[in-house]
Amino acid sequence: MGLLQFEERMSEILFSETVIQDRVREMASQITKDYTANGYAKDVQGRPLLLVGVLRGALMFMMDLAKRFPIPVEYDLISVSSYGNGTAPGAVRLVKDLEKPIEGRDVLLVEDIIDTGYTLEYLRRSFTARNPASFRICTLVNKMARREVSTLIDYSGFSLEQDDFIVGYGMDYAELYRNLPYIGILKPEHIA
Ligand code: PRP
């Protein structure tokens, strides 16, 4: 099964590799401008902006974004999981926490997609309770159709109005498609 055969499973390529990379560059540039004071973004103790990627979907986006910053950044990773059926809607559990404390740090949370908003709400509460100097949210895709919890999103790459099943560029269906360099809509016959 090659990547070409994966492409045949898409009803549409929503965001091509070029479109994504251009947008990632723009986002990095906007974020840099916003964080930069005197040409260098760092907190009061001199520590650079800390990117926090949410495993596993955000990995590819965060790596591309990190490469586009003309300023030093650090990064860390966190992993959360939604509870399965039969639990309260939106219940989220921590699977892997950050390596280091974030108190006093400028933190930018990096997500591939915000859907219902439950994951983000959980993370926002968890992060702000740790007293960072600032906490902002950046997502590549902001999917509006199924939003249950609305939280301010500081940086959004693409807004998606319709409820399509999208995969690629970090996003999976049954763990497949994450390594596609584009984002596509998966044909219904490939969704079990
Ligand atoms: C995705 C995505 C977000 C979350 C958003 O992760 O990366 O973390 O879902 O959904 P929500 O707004 O409805 O809470 P997923 O649980 O699919 O795990 P993955 O990143 O490992 O694919």
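## Salt bridges and the largest pocket

With a relative accessibility of 61%, Glu99 counts as exposed. That puts Glu99 over the 50% cut-off for the exposed class. Keep in mind that we're looking at a predicted model here.

Glu99 has a salt-bridge partner in Lys96, and their closest N and O atoms sit 3.3 Å apart. Lys96 itself is partly exposed, at 26% relative accessible area. So this bridge pairs an exposed Glu99 with a partly exposed Lys96.

How many salt bridges does the structure hold? The count is 16. Here are some of them, including the Glu99 pair:

| Salt bridge | N to O distance |
|---|---|
| Glu99 and Lys96 | 3.3 Å |
| Lys143 and Asp163 | 3.1 Å |
| Asp172 and Arg178 | 3.5 Å |

Now for the Lys143 pair, whose side chains meet in a salt bridge with Asp163. This one ties together distant parts of the chain: Lys143 belongs to strand β6 (residues 134-143), while Asp163 lies in the loop between β7 (155-160) and β8 (166-167), with the two positions 20 residues apart in numbering terms. Is Lys143 buried or exposed? Lys143 counts as buried because its relative accessibility is 7%, which is under the 20% cut-off. Asp163, at 47%, is partly exposed.

Next up is the bridge between the side chains of Asp172 and Arg178. Asp172 comes out as partly exposed at 25% relative accessibility, whereas Arg178, at 18%, counts as buried. There's also a network: Asp43, Arg47, Glu74 and Arg105 are joined into one by salt bridges that share partners.

On to the pocket. The largest one has a volume of about 1000 Å³. Its lining takes in 37 residues, and the ones closest to the centre are Ser82, Ile113, Asp115, Thr119 and Asp172. Asp172 therefore turns up twice: it is one of the residues closest to the pocket centre, and it is the partly exposed partner in the bridge to Arg178.

Which elements each supply at least two residues of that lining? They are the strands β2 (49-55), β3 (73-82), β4 (92-96) and β5 (106-114), together with helix α4 (118-128). As for the chemistry, the lining of the largest pocket has 16 nonpolar residues, 11 charged ones and 10 polar ones.

Notes
Residues are numbered from 1 along each chain as its sequence is written. This is a predicted model: local features need pLDDT of at least 70, side-chain atom pairs count only at pLDDT 80 or more; totals for chains, interfaces and linings use all residues. Side-chain values use heavy atoms; hydrogens and water are left out. A salt bridge is a side-chain nitrogen of Lys or Arg within 4 Å of a carboxyl oxygen of Asp or Glu. Buried means under 20% relative accessible area, exposed over 50%, partly exposed in between (1.4 Å probe, protein chains only). Helices (H or I, at least four residues) and strands (E, at least two) are DSSP runs, numbered from the N terminus. On a 1 Å grid over the protein atoms alone, a cavity is a set of points where a 1.4 Å probe fits but cannot get out, and a pocket is an open set with protein on both sides within 12 Å along at least five of seven lines; lining residues have an atom within 4 Å of a point. Grid points are joined across faces, edges and corners, and a volume is the space filled by probe spheres set on the points. Ala, Val, Leu, Ile, Met, Phe, Trp, Tyr, Cys and Pro count as nonpolar, Asp, Glu, Lys and Arg as charged, and the others, Gly among them, as polar.
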